[in-house]
Amino acid sequence: MPLPTPGIASADAGVVGLAVMGQNLALNIADHGFATAVYNRTVGVTEQVVAEHPAGSFGAGYRGRGPGSLVPAAEVRDFVASLKRPRVAVVLVKAGKATDAVIDGLSEHMESGDVIVDGGNAHWEDTARREAACRARGLRFVGSGVSGGELGARFGPSLMPGGDREAWKALEPVWTAIAAKVDGETGRPIEGAGPGRPVDAPGAEACTAYIGAGAAGHFVKMVHNGIEYADMQMIAEACGLLGGVLGYEPARMAEVFAEWNTTELDSFLIEITADILGQSDPRTGRPFVDVVLDTAGQKGTGRWTSEAALLLGVPAPTIAEAVFARAISAEKETRVAASGVLRGPSSPEFTGDKRRFVESVRRALYCSKVCAYAQGFALMAEASRQWGWGLDFASIARIWRGGCIIRARLLHAISGAYAGGVELPNLLMAPAFAAQVGEWQGSWREAVANAVAMGVPAPAFCSALSYYDALRSARVSANIIQAQRDYFGAHTYERVDEARGRFFHLDWPDPARPELPA
């Protein structure tokens with residue numbers, strides 16, 4: 001049945017792109033009492049979504065708004081015409097050229113002051129370009145990170161909007177309503193959302209806030225994903241240690257992770273890892289993880305984070321190691337061949353206290369996670385300084401407590417560390433984290449030492465520990481590097497007994513090797 005041509009502008013907001021993420025976000029918006037315009041390039045998709053979710057299927061609404069609805073359109077011009085001014089159009093299509101094409105199409109029909117929101121996984125440099133192009137047309141633009149996957153989009157994602165502040169004012173009622181909710185006192189996610197049944201609890205805080213100007217929103221989402229890469233890699237390494245050192249089977253690991261989820265490690269990723277480890281393969285009955293090929297895919301956001309760290313000169317080695325770990329996992333055939341050629345340690349049987357070692361791995365995982373977060377927040381801090389975004393790190397940690405993939409108890413503590421505008425040279429230097437990591441470093445070193453001794457790869461654990469050791473070292477061995485650079489390239493050096501910023505050069509070819517001011 002052909003879609004009707006919209007009459008008067010009746011929709012509070014609209015969504016372009018009705019693949020799984022776009023469709024789920026549109027349904028989430030409608031669940032919260034908003035009339036939601038929907039458009040998809042393939043009209044049949046729009047017809048199907050509307051047929052499956054007719055009027056009256058969105059419950060009683062949210063906080064007195066009344067029930068929402070879907071307002072379908074077959075053409076872009078009809079979609080735009082159905083939106084109330086200032087129009088808010090959320091784009092959720094494949095990142096790249098498809099997003100540019102949709103923005104161009106919307107721009108032809110939208111008017112000055114209207115708002116375009118890119119909710120895709122866009123590269124932050126593309127976001128900066130799109131924001132400037134929309135501004136030149138008199139349109140307002142928001143690049144918003146949307147984290148939480150398909151279920152998050154449907155029932156409450158973490159939302160990271162950046163761009164024009166006036167545009168945020170138009171978007172804020174929708175984004176605040178549909179975002180994941182957490183308890184304001186404990187920071188714990190509030191569960192229970194379902195179709196037509198949004199979360200609405202006293203004291204609930206929405207997992208969204210204005211991030212900053214320009215590309216700030218998508219940059220912060222990118223860093224979120226970089227931390228996610230590290231977090232997932234470190235959890236995998238913990239499994240590798242429990243299996244490779246202690247010989248634990250997946251069912252036993254599942255019990256360990258379930259127990260860990262009641263501690264400081266309480267998080268979505270720890271929770272689902274316990275569930276995964278306890279799952280049996282429906283085809284063979286073997287542990288599910290034992291039939292999953294050990295090659296991990298990636299979509300590029302971890303690499304983007306590492307590239308941004310290199311661009312800005314911010315050390316983020318643990319995030320980079322997680323990216324490289326996925327890369328080496330993809331070289332399955334090479335690894336299989338190398339396993340028959342390259343020798344490792346004799347792998348003696350572990351003779352220590354197994355319970356003690358499990359606790360050491362737990363503490364190592366916690367300490368390494370803090371290092372990964374420290375690297376991510378340091379990267380955001382430098383980006384904020386360079387581009388004047390004025391990022392609020394307490395707010396960013398708060399909106400990551402629910403909805404997103406890295407949601408965790410740890411984020412409540414991180415938010416507290418930055419509360420009141422506290423400026424930290426590094427997250428590890430917050431008193432609570434400095435004390436905890438300092439107390440547990442012995443266990444951390446024990447876990448890493450056993451990994452090295454027994455040949456169990458743990459690149460993220462090792463990288464995080466090296467980062468911690470470098471950060472706490474008042475003097476590192478880089479003096480050798482700088483001396484080498486001065487020797488072969490006359491790149492100069494600073495002296496420990498002179499003020500910073502004064503540079504010198506040793507005239508190496510001269511037999512007397514006099515020191516010269518640079």
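In this predicted model, the second largest pocket is lined by 39 residues. Those nearest its centre are Pro 189, Ile 190, Glu 191, Gly 403 and Arg 407. The volume of this pocket is about 780 Å³. Rolling a probe the size of a water molecule over the atoms shows where empty space is left. By character, the lining of the second largest pocket comprises 15 nonpolar, 13 polar and 11 charged residues.

Several helices contribute to this lining. At least two residues each come from α1 (20–31), α6 (149–155), α7 (165–178), α10 (268–277) and α17 (409–418). Helix α6 gives the most, with four residues.

Gly 403, one of the residues nearest the centre of the pocket, is also among the contacts of Ser 158. Ser 158 belongs to strand β7, which covers residues 158–163. Is Ser 158 buried or exposed? Its relative accessibility is 0%, and therefore Ser 158 counts as buried. Beyond its neighbours within four places in sequence, Ser 158 is in contact with Gly 145, Val 146, Ser 147, Cys 207, Ile 399, Trp 400, Gly 402, Gly 403 and Cys 404. From Ser 158 to Gly 184 there are 26 residues in sequence and 15 Å in space, C-alpha to C-alpha.

A second serine may be set beside Ser 158. Ser 443 touches Ser 360 and Arg 363, when residues up to four places away in sequence are not counted.

| Residue | Element | Relative accessibility |
|---|---|---|
| Ser 158 | strand β7 (158–163) | 0%, buried |
| Ser 443 | helix α18 (431–454) | 13%, buried |

Because buried means under 20% relative accessible area, Ser 443 at 13% is counted as buried.

Strands β4 and β5 offer a further example. Strand β4 (residues 88–91) runs parallel to β5, and four bridges join them. Val 88 stands opposite Val 115 in β5. In a regular strand the side chains alternate between the two faces of the sheet. Strand β5 (residues 115–118) has Val 115 and Val 117 pointing one way and Ile 116 and Asp 118 the other way, and all are buried.

Finally, helix α13 (residues 317–329) may be considered. Its 13 residues reach 18 Å from the first C-alpha to the last, close to the 18 Å expected at 1.5 Å a residue. Which residues of α13 are buried? They are Thr 318, Ile 319, Ala 320, Ala 322, Val 323, Ala 325, Arg 326 and Ser 329. The buried residues of α13 pack against α8 (216–244), α12 (301–312), α14 (332–339), α15 (354–387) and α19 (459–471).

Key. Residues numbered from 1 in each chain as written. Predicted model: local features only at pLDDT ≥ 70, side-chain atom pairs only at ≥ 80, totals over all residues. Heavy atoms only, no water. Buried < 20%, exposed > 50% of the residue type's maximum accessible area, 1.4 Å probe, protein only. Contact = heavy atoms within 4.5 Å. Expected span 1.5 Å × (residues − 1). 1 Å grid on protein atoms, 1.4 Å probe; cavity = no way out; pocket = protein on both sides within 12 Å on 5 of 7 lines; lining within 4 Å. Points joined across faces, edges and corners; volume = space filled by probe spheres on them. Nonpolar A, V, L, I, M, F, W, Y, C, P; charged D, E, K, R; others polar. Pairing = 2+ DSSP bridges.
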